Every structure is written in C-alpha cells, then in structure tokens.
Amino acid sequence: MQHLITPSDFTNEEILNLFDDARMFKDLQSNLFLQGKLVVTLFFENSTRTRSSFEIAAKRLGAEVVSLDVGTSSRSKGETIFDTVANINAMKPDAIIIRHSECGLPGSLVEHVNCPILNAGDGKNAHPTQALLDLFTISEHFNGNIEGKKIAIVGDVKTSRVASSNLELLPRFGIEPIIVAPDHFKSEDSAFRQVTFLNEIINEVDIVMSLRTQLERHSEIYYTSMQEYAKDYCITKDSFQDRDILLLHPGPVNRNIDIDDEMLLDPRNKILEQVSNGVAVRMAVLKKLLK
C-alpha cells in the first residue's frame with residue numbers, strides 16, 4: 001500500500017506516468033475509474049481550493065466522498081487525532097485525505113490505517129499535490145522541455161509548505177529554484193541560491209512563483225502593514241515588463257500584496273490553469289493510489 005505524504009513518496013518515473021494520466025483527465029470529465037470507492041476528507045485547517053479540488057477529483061472518478069466537519073466532530077470533545085483516524089479507518093474507507101497544522105502529523109498516521117493517506121498540507125512541512133500540479137503546469141507550458149529552467153520563488157518561503165515541496169520536487173526534474181525574499185522569510189536550507197529582490201535575477205528566470213505571506217505563522221511582527229511588504233514583493237507589470245515569464249501562485253492570492261490586479265489579468269498568469277490542472281493531477285493521484 002502506498003501513501004502520499006511528501007513528493008519523495010513517488011519516483012520520477014511514477015510522476016511521469018502520473019502526468020500521462022493527468023493529461024487524460026485534463027478535460028475534467030466524469031468516468032468510473034473509482035466507482036464503488038469511498039474517500040474521506042478530514043481538514044483540520046481551513047481550505048477552499050485544496051479541499052474542493054480533491055473532492056471534485058474523487059467524484060469525477062466515480063468515488064463517493066465523505067467530508068467530515070472537524071468543528072462538530074468528537075475532536076471537540078477531547079478525542080485525539082489518532083483515535084479519530086482509527087475510528088474512521090474502522091469504517092473501511094478506501095482513502096483518507098488529511099490537512100493539519102502540525103508538521104509531520106499525516107505521516108505519523110500511516111501505521112494506524114489500512115488505506116492510503118494523502119497529505120493535503122501539514123503545517124509548513126509539505127503539500128505534495130500542490131508541488132505536483134505546479135510541476136505539471138510548468139511541464140505542459142514548456143511541452144516537457146523543463147531541464148535547465150529557472151524558477152524564482154518569491155515571498156514567505158520560510159513558512160510555506162508549498163515552497164518546501166517545490167524545493168524538494170522541482171530540482172529532481174532539472175529546474176533550478178532561486179529564492180527571493182527578505183532575510184526573515186528566506187529558507188533555512190543553504191542548498192539553494194537566495195537573493196533579496198526579484199530584479200536581481202528577473203532576467204535569468206523562466207518562471208516566477210509568488211507565495212502568500214503567512215503572517216499568522218510568524219511569532220514576530222516584521223511589517224507594520226501588508227502594503228509595506230508589497231512595496232518590494234508584489235508582482236507587477238513593472239516587474240515583468242515584456243519578458244516571456246510564466247507566473248504561478250498556489251492561492252489564495254492577496255490582491256495587490258502578492259500580485260497586483262493588472263498582472264492577475266495578464267496572459268502570462270497561469271493561476272487558474274493551476275487550479276484546473278490541480279483537479280486533473282489529483283484525479284491521477286487518486287487513481288494511482290486507489291486503483
């Protein structure tokens with residue numbers, strides 16, 4: 001039985017095969033690959049995009065979905081997460097999709113279940129399906145010719161599980177990440193090149209991935225306002241000018257903080273394409289793990 005906790009759970013060959021299925025699912029039409037299967041979603045953190053993407057993916061494959069409302073579950077009565085998952089497992093679902101604020105928690109559950117666990121995000125640790133859909137979007141845009149491409153990952157890299165998973169996955173396929181952030185948001189991993197401002201490397205990158213600034217994950221106050229941060233890190237038309245650069249963001253976007261209104265309408269912005277690709281990639285992941 002295979003789980004998806006971090007991108008390293010899939011080999012490069014498995015990911016390329018996964019992308020073949022994702023291309024087949026790109027029209028997002030319904031089929032019966034997982035008819036008779038039951039998928040449980042268990043989200044201990046707020047989520048619109050990821051939760052709905054997983055649920056639509058499962059339903060498009062013909063699976064039934066049970067979405068548990070954690071706020072009214074036995075967790076509110078003092079039950080531990082391990083007991084909650086053990087009870088769900090006893091009902092014999094075919095997969096459990098979980099998001100939790102605690103780093104490493106989804107991985108700690110794999111010994112307690114008899115079905116695949118899919119990590120939909122754990123703290124600042126990992127978000128494997130987001131990294132997979134990002135890689136898929138990049139690969140589709142460049143027709144698979146991604147070896148040697150450079151990506152600027154801009155913003156709050158330190159607390160971003162999206163950045164963490166992309167930094168793990170993208171170099172495996174020949175893409176070089178360059179981190180762009182103020183010192184207090186830079187990665188603690190010295191393996192990657194890090195600069196302070198986008199204009200330092202804008203002429204050498206092929207892709208820019210903007211991140212949401214997650215002030216709630218920091219114990220210190222670095223900016224008096226989000227607008228102060230935006231002065232240096234908001235992606236604008238002035239940033240890109242007429243350069244042929246792909247713009248990505250995992251969502252939700254803080255308008256005029258992460259990316260300004262004009263760039264959100266720019267054809268180089270592929271954020272909604274990421275959303276569509278996210279359903280296709282998650283369909284492929286569910287097919288792989290459940291079929």
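Here is a friendly chat about a predicted model, its sheets, its largest pocket and a few of its residues.

Colleague: Let's start with the sheets. In the open sheet of four strands, what is the order of the strands?

Modeller: Strands of a sheet pair through backbone hydrogen bonds, either parallel or antiparallel. Here the pairing is parallel. Reading across this open sheet of four strands, the order is S2-S1-S3-S4.

Colleague: Which strands stand at the edges of that sheet?

Modeller: An edge strand here has a single partner strand, so one side of it is left without a neighbour in the sheet. On average, neighbouring strands of this sheet are turned by 15° against each other, direction ignored. The strands at the edges are S2 (64–68) and S4.

Colleague: How many residues of strand S4 are buried?

Modeller: Strand S4 covers residues 117–122 and is mostly covered. A residue is called buried when its relative accessible area is under 20%. In S4, the number of buried residues is six of six.

Colleague: Which residue in S4 is the bridge partner of Ile98?

Modeller: Strand S3 (residues 95–100) runs parallel to S4, and four bridges join them. Within S4, the partner of Ile98 is Asn119.

Colleague: And which residue in S3 stands opposite Phe43?

Modeller: Strand S1 (residues 38–43) is joined to S3 by five bridges, and the two run parallel. Opposite Phe43, in S3, stands Arg99.

Colleague: Now the sheet of five strands: which strands are at its edges?

Modeller: This open sheet has the order S7-S6-S5-S8-S9, with parallel pairing. Each edge strand has a single partner strand, so one of its sides lacks a neighbour in the sheet. Those edge strands are S7 (193–195) and S9 (246–248).

Colleague: By how many degrees are neighbouring strands of this sheet turned against each other on average?

Modeller: One parallel pair in this sheet is S8 (residues 207–210) with S9, over three bridges. In that pair, Val208 stands opposite Leu247. Across the sheet, with direction ignored, neighbouring strands are turned on average by 25°.

Colleague: Let's look for empty space. About how much space lies in the largest pocket?

Modeller: Rolling a probe the size of a water molecule over the atoms shows where empty space is left. For the largest pocket, the space comes to about 540 Å³.

Colleague: Which helix gives the largest share of its lining?

Modeller: The pocket is lined by 32 residues, and those closest to its centre are Thr50, Arg99, Pro250, Gly251 and Pro252. The elements that give two or more residues to the lining are helices H2 (49–60), H5 (128–141), H6 (161–169) and H10 (271–290). The largest share is six residues, and it comes from H10.

Colleague: How many residues of that lining are charged?

Modeller: The lining divides into three groups. Nonpolar residues number nine and polar ones 15, while the charged residues number eight.

Colleague: Is Cys115 buried or exposed?

Modeller: To be buried, a residue needs a relative accessible area under 20%. Cys103, at 42%, is partly exposed. Cys115 has a relative accessibility of 2%, so it counts as buried.

Colleague: How many disulfides are there in the model?

Modeller: A disulfide is counted when two cysteine sulfur atoms lie within 2.5 Å. By this rule, the count is zero.

Colleague: Last one: what distance separates the C-alpha atoms of Gln227 and Asn256?

Modeller: Gln227 is found in helix H7 (residues 226–233), and its relative accessible area of 51% makes it exposed. Along the chain, Gln227 and Asn256 are 29 residues apart. Their C-alpha atoms are separated by 8.2 Å.

Note on methods
Residues are numbered from 1 along each chain as its sequence is written. This is a predicted model: local features need pLDDT of at least 70, side-chain atom pairs count only at pLDDT 80 or more; totals for chains, interfaces and linings use all residues. Side-chain values use heavy atoms; hydrogens and water are left out. Buried means under 20% relative accessible area, exposed over 50%, partly exposed in between (1.4 Å probe, protein chains only). Two strands pair if DSSP finds at least two bridges between them. On a 1 Å grid over the protein atoms alone, a cavity is a set of points where a 1.4 Å probe fits but cannot get out, and a pocket is an open set with protein on both sides within 12 Å along at least five of seven lines; lining residues have an atom within 4 Å of a point. Grid points are joined across faces, edges and corners, and a volume is the space filled by probe spheres set on the points. Ala, Val, Leu, Ile, Met, Phe, Trp, Tyr, Cys and Pro count as nonpolar, Asp, Glu, Lys and Arg as charged, and the others, Gly among them, as polar. Axes are lines fitted to C-alpha atoms, for helices over the stretch in contact, and angles run from 0 to 180 degrees between N-to-C directions.
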